[in-house]
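Reader: I should like to examine how the terms applied to this model are justified. Please set each one against its criterion.

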Amino acid sequence: MESFSNYRIYLFGENGQLAKAIKSYFLKNKIKFRVIGISKKDNLFNLKQLNNLLKKNIKGANKFVLINTIASLYPKDKSDEYINKKMPSDLLNFAKKYNSFLIHLSTNNVLVPELLDDYTKQKRD
């Protein structure tokens, strides 16, 4: 089995509970990683924009692991919809293209039956 020590790690998200836990673990265990933050100002809503963001942030990495923790809990616009519905598959295709990996972590909201917002319902379907 191939060692992951030759892979660069990129974490999408930094403010959510899960991203904070992953960052804390990596820092505590001296695991090298880089955060790729996506904010509202990026207005990310299609594959072309995502590819530009990835190419800008993943320079010189032959092999990498993308860890996606980004989600919009209450989608309000095209960017939120893209991040929730299409970006995970676009990230996967980007990783495959470079013989790399995607770890996509979704919300635990699906485990709470009382939550009926659109984001949670979409994840249950």
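Reader: In this predicted model, which residue stands opposite phenylalanine 12?

Author: Asparagine 68, in β3, stands opposite phenylalanine 12.

Reader: What makes β1 and strand β3 a pair?

Author: Two strands pair if DSSP finds at least two bridges between them. Five bridges link β1 to β3 (residues 64-68), in the parallel sense, so the criterion of at least two is satisfied.

Reader: How do you know that β1 also pairs with strand β2?

Author: The same criterion of at least two bridges applies. Three bridges join β1 to β2 (residues 34-36), and these strands run parallel; the term is therefore justified, as pairing needs at least two. Tyrosine 10 has arginine 34 of β2 opposite to it. With helix α1 (residues 17-28), β1 and β2 make a right-handed β-α-β unit.

Reader: Why is strand β1 called mostly covered?

Author: Buried means under 20% relative accessible area. Four of the five residues of β1 (residues 8-12) are buried. For the protein chain of 125 residues, 35% count as buried.

Reader: Why does isoleucine 103 count as partly exposed?

Author: Its relative accessibility is 40%. Buried means under 20% and exposed over 50%; isoleucine 103 therefore counts as partly exposed at its 40%. This residue is found in strand β4 (residues 101-104).

Reader: Which residues make the nonpolar surface patch of about 210 Å²?

Author: Leu18, Ile103 and Leu105 make this patch. Patch residues need over 30% relative accessible area, and Ile103, at 40%, is above that cut-off.

How values were computed: Residues numbered from 1 in each chain as written. Predicted model: local features only at pLDDT ≥ 70, side-chain atom pairs only at ≥ 80, totals over all residues. Heavy atoms only, no water. Patch = residues over 30% accessible without salt bridge, like charges linked within 9 Å, V, L, I, M, F, W, Y side chains within 5 Å. Areas by Shrake-Rupley, 256 points an atom, 1.4 Å probe, with all protein chains shown as cover. Salt bridge = Lys/Arg side-chain N within 4 Å of Asp/Glu carboxyl O. Helix = DSSP H or I, 4+ residues; strand = E, 2+ residues; numbered from the N terminus. Buried < 20%, exposed > 50% of the residue type's maximum accessible area, 1.4 Å probe, protein only. Right-handed = clockwise from strand over helix to strand, strands pointing away.
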